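Welcome! Let us take a walk through this protein chain together, one stop at a time.

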Amino acid sequence: RMECGLGIAVEDPVLAEASAVVSELYKAGMEVVMLSGDSQRTADAVAATVGVKDVRARLAPADKVQAIKALQQAGARVAMVGDGVNDAAALAQADVGMAIGAGSGVAVSTAPVVLSRLAHLLTASSLAKAALLRVRLSLLWAGLYNLLSLPLAAGVLAGPLGLVASPCACASLMSASSLLVVLSALSLSLFRPPLVARPAPPSASAPPPASASAAMDHDALAKAAAPQRSGAGAEDAGSGSGSAASFKS
């Protein structure tokens, strides 16, 4: 008697950009830890594909929370990225929880930050650093500005140096200080996301927009419905219809 068995394997594909994102995180000096509820063999295979060095598998939701607490107690500031129901508790425990927008509703509602793509993790990190740098520069500028301007406005420098600021000059200097701080904040509009997180340029072989296709179809129908007064007219109508068909395809 012969027996044969049928095996079914189900695989969740890894995001194409995951490897590049992990590589950029390592380059930025961050440590990446993979917390997975899958078996050790599956987790190791995924980690090898994306380049993660620290892998922890067979973790229940409570185990993920404990892992994050251990990292925090070691002095690390933890950002957790997840998309499943089992990640909700860990997202709440992390210093910054980031959910993938296409994930479960529980994860999205728990995390204060929602990413439409995994690569936007790099955008969020870079933008946060740029904003924090602007805040520090504004505080430094305001402190130095007032440190130099207050003695001038108070007349302290009138005796030794003969420098006296009029009320109009003091008001102008104060306005200039506020203006420079605002301009420093507005410079964030020049921020550009990392190359990995930028949207891919449209492909040359991409289908035409629906509006353009509809316009071509409309022209083709108009030519086909026009009275064919001569053989040349019939040939033009046929070529127009053919162009619209090939354009649409």
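## Starting at the sheet

In this predicted model, a good place to begin is an open sheet of three parallel strands, arranged in the order E3-E4-E5. E3 and E5 are the edge strands, each with a single partner, so one side of each has no neighbour in the sheet. From one strand to the next, the twist averages 25°. As background, strands of a sheet pair through backbone hydrogen bonds, and the pairing can be parallel or antiparallel.

Look now at how E3 and E4 come together. The two run parallel and are joined by four bridges. You can find one point of this pairing at Ala79, which stands opposite Val96 in E4.

On to strand E5, where Leu115 has its place. Is Leu115 buried or exposed? With a relative accessible area of 4%, Leu115 is buried, because anything under 20% counts as buried. Which residues does Leu115 touch, leaving aside its neighbours within four places in sequence? The contacts are Met98, Ala99, Ile100, Gly101, His120 and Leu121. For one of these, Ile100, the C-alpha atom is separated from that of Leu115 by 4.9 Å, although the two residues are 15 apart along the chain.

Let us step back to see the whole chain. It contains nine helices and five strands, and read from the N terminus the elements follow the order α-β-α-β-α-β-α-β-α-β-α-α-α-α. Helices and strands thus take turns up to the last strand, and helices follow from there to the end of that order. The chain has 249 residues, and 23% of them count as buried. Its accessible surface is about 16,700 Å², with 63% of that belonging to carbon and sulfur atoms. Among contacts with a separation of 6 or more, 43% are between residues 24 or more positions apart.

Next comes the interior. The largest nonpolar core has 19 residues, and Val21, Leu25, Met34, Val52, Val55 and Leu121 have the most contacts inside it. Helix H1 (18–27), helix H2 (40–50), strand E4 (96–100) and helix H6 (120–154) each supply at least two residues of this core. H1 gives the largest share, with four residues. For a view from one of its members, pick out Met34: not counting residues up to four places away in sequence, Met34 touches Ala43, Val46, Ala47, Val52, Asp54, Val55 and Arg56. Apart from this core lies another, made of 12 residues, including Leu35, Val78, Ala107 and Ala111.

Charged side chains are our next stop, as the structure holds four salt bridges. One of them joins Arg117 and Glu17, whose closest N and O atoms are 2.7 Å apart. This pair links distant parts of the chain, 100 residues apart: Arg117 sits in the loop between strand E5 (113–115) and H6, while Glu17 is in the segment before H1. Arg117 is partly exposed, at a relative accessible area of 26%, whereas Glu17 has 19% relative accessibility and counts as buried. The label for Glu17 follows from its 19%, because the cut-off for buried is under 20%.

Another salt bridge connects Lys64 and Asp87, with 2.8 Å between the closest N and O atoms. It too links distant parts of the chain, with the two positions 23 residues apart: Lys64 belongs to helix H3 (residues 61–73), and Asp87 to the loop between strand E3 (79–82) and helix H4 (88–93). Both Lys64 and Asp87 are buried.

A third pair can be found within a single helix. Glu24 and Lys27 both lie in H1, three residues apart, which is about one turn of the helix. Their side chains meet in a salt bridge, at 3.8 Å from N to O. Glu24 is partly exposed, with a relative accessible area of 28%, and Lys27 counts as exposed at 64% relative accessibility.

Our walk ends at a loop. Where is Asp38? Asp38 lies between strand E1 (33–35) and H2, and at 44% relative accessibility it counts as partly exposed. Leaving aside neighbours within four places in sequence, Asp38 is in contact with Ala57 and Arg58. From Asp38 to Arg56, 18 residues away in sequence, the C-alpha to C-alpha distance is 9.3 Å.

Definitions and conventions:
Residues are numbered from 1 along each chain as its sequence is written. This is a predicted model: local features need pLDDT of at least 70, side-chain atom pairs count only at pLDDT 80 or more; totals for chains, interfaces and linings use all residues. Side-chain values use heavy atoms; hydrogens and water are left out. Buried means under 20% relative accessible area, exposed over 50%, partly exposed in between (1.4 Å probe, protein chains only). Contact means heavy atoms within 4.5 Å. Accessible areas come from the Shrake-Rupley method with a 1.4 Å probe; for residues, only the protein chains shown count as cover. A nonpolar core is a set of buried Ala, Val, Leu, Ile, Met, Phe, Trp, Tyr and Cys residues joined through side-chain atoms within 4.5 Å. Two strands pair if DSSP finds at least two bridges between them. Axes are lines fitted to C-alpha atoms, for helices over the stretch in contact, and angles run from 0 to 180 degrees between N-to-C directions.
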